[in-house]
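Please open the structure in your viewer and keep the sequence beside it, so that each selection can be found in both places. The tour moves from the whole chain to single residues, and you may pause at each stop for as long as you like.

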Amino acid sequence: AVDLIDEAGARVKLRQSSLPEEMIDVLARTAAALMIGLGLVVFVSVFAQGLKDGFRAAVVGSLKSNVVMQSSTFLPMPAGAAQVAKADPGIALVSSIVSDDARLNGSGTHTIEQIDPGTFGKVWKLKWKQGSDATYRALDARGVLVADDLAKSHKLHIGSSFSLETPSGKQATYVMRGTYDANNSPLSGFLMAPAAFQKISTNRH
């Protein structure tokens, strides 16, 4: 069971971190509105302390945002978390990631991640191998980004078509529009727009 926490309790817990007071106010309101325990929210400034130096440096170096909300158990965040955060006047921009697993061309399971092409580049500095932030505009119902090592191991090139199938049994064909470096990164596999992700995944948060 998870102990629920009110706004005052959230502030007390957050003040144990090194976050600035104005950020504590915003996050306390968000946690209280979501009716969740602060144990369910891991902030990069605290979470990164427990990571290996190389991975921590890669994460912090890629962040353009001030904070990341992530389940401490790495299970999905509560439904509506992004909407609550977006409604807070103290938060300027929210960009969500939704994940699932998929088989590539009928074999091998990899991560697929839904991103918002319009906002993701504003909160995360992707390490492009083939492409640039302009490539986000090519992410539609078919165009996706592929981790560079994965693309090389499956001999995928810009314009290559391939199929992805999730555990739900839904399958679709996609086209590689760019590649990125997934080494020392929390991102892996395939990055895609909601229109592409929701064709094969029922995950929404």
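What follows is a series of selections, each with a short account of what is there.

**The whole chain**

Begin with everything shown, and keep in mind that this is a predicted model. The protein chain has eight helices and seven strands, and buried residues make up 42% of its 205 residues. Of the contacts in the chain with a separation of 6 or more, 67% are between residues 24 or more positions apart. If you switch on a surface, the exposed area is about 10,500 Å², and carbon and sulfur atoms supply 52% of it.

**Strand S4**

Select residues 143-147, which form strand S4. Is this strand enclosed or not by the rest of the structure? Five of the five residues of S4 are buried, so the strand is largely enclosed by the rest of the structure. Now show the side chains, keeping in mind that in a regular strand the side chains alternate between the two faces of the sheet. Gly143, Leu145 and Ala147 point one way from S4, while Val144 and Val146 point the other way, and all are buried.

Add the strands that pair with S4. S6, residues 171-180, runs parallel to S4 and is joined to it by five bridges; within this pairing, the bridge partner of glycine 143 is valine 175. S7, residues 190-192, pairs with S4 in the antiparallel sense over three bridges, and here valine 146 stands opposite phenylalanine 190.

**Strand S6 and its other partners**

Keep S6 selected and look at what surrounds it. Seven of the 10 residues of S6 are buried, so this strand too is largely enclosed by the rest of the structure. Strand S3, residues 128-130, pairs with S6 in the antiparallel sense over two bridges, and the bridge partner of glutamine 130 in S6 is threonine 179.

Next add S5, residues 161-165, which runs antiparallel to S6 and is joined to it by five bridges. Phenylalanine 162 has tyrosine 174 as its bridge partner in S6. S5 and S6 form a hairpin with five residues between them, and in the turn you will find glycine 169, which has a positive phi of about 95 degrees.

**The largest nonpolar core**

In soluble globular proteins, nonpolar side chains tend to be buried together. To look at the largest nonpolar core here, select Leu126, Val146, Phe162, Leu164 and Phe190, which touch the most other members among its 33 residues. The elements that give two or more residues to this core include strands S1 (98-104), S4, S5, S6 and S7, and also helices H6 (120-123), H7 (148-153) and H8 (194-197).

Then centre the view on leucine 164 alone and show what it touches. Leaving aside residues up to four places away in sequence, its contacts include Ala102, Leu104, Ile112, Tyr174, Phe190, Met192 and Ile200, and also Arg103, Lys170 and Gln171.

**A buried glutamate**

Move to glutamate 113, which lies in strand S2 (residues 107-114). Is this residue buried or exposed? Glutamate 113 is buried, because its relative accessible area is 6%, and the cut-off for buried is under 20%. A polar atom of its side chain lies 3.3 Å from the backbone nitrogen of serine 188. Among the other residues that glutamate 113 touches, not counting those up to four places away in sequence, are Ile97, Val98, Pro186, Leu187, Phe190 and Phe197.

**The salt bridge in helix H7**

Select lysine 152 and aspartate 148, which form a salt bridge whose closest N and O atoms are 3.2 Å apart; the count of salt bridges comes to one. The two residues are four residues apart in helix H7, and are therefore separated by about one helical turn. Lysine 152 counts as exposed, because its relative accessibility is 58%, whereas aspartate 148, at 8%, counts as buried.

**A last stop in helix H6**

Finally, select glycine 121, which lies in helix H6 and counts as buried at 13% relative accessibility. Draw a distance from its C-alpha to that of aspartate 133: the two residues are 12 residues apart in sequence, and 6.5 Å apart in space.

Terms used: Residues numbered from 1 in each chain as written. Predicted model: local features only at pLDDT ≥ 70, side-chain atom pairs only at ≥ 80, totals over all residues. Heavy atoms only, no water. Core = buried A, V, L, I, M, F, W, Y, C linked by side-chain atoms within 4.5 Å. Buried < 20%, exposed > 50% of the residue type's maximum accessible area, 1.4 Å probe, protein only. Contact = heavy atoms within 4.5 Å. Pairing = 2+ DSSP bridges. Areas by Shrake-Rupley, 256 points an atom, 1.4 Å probe, with all protein chains shown as cover. Salt bridge = Lys/Arg side-chain N within 4 Å of Asp/Glu carboxyl O. Polar contact = N/O pair within 3.5 Å; in protein donor to acceptor, adjacent residues only side chain to side chain.
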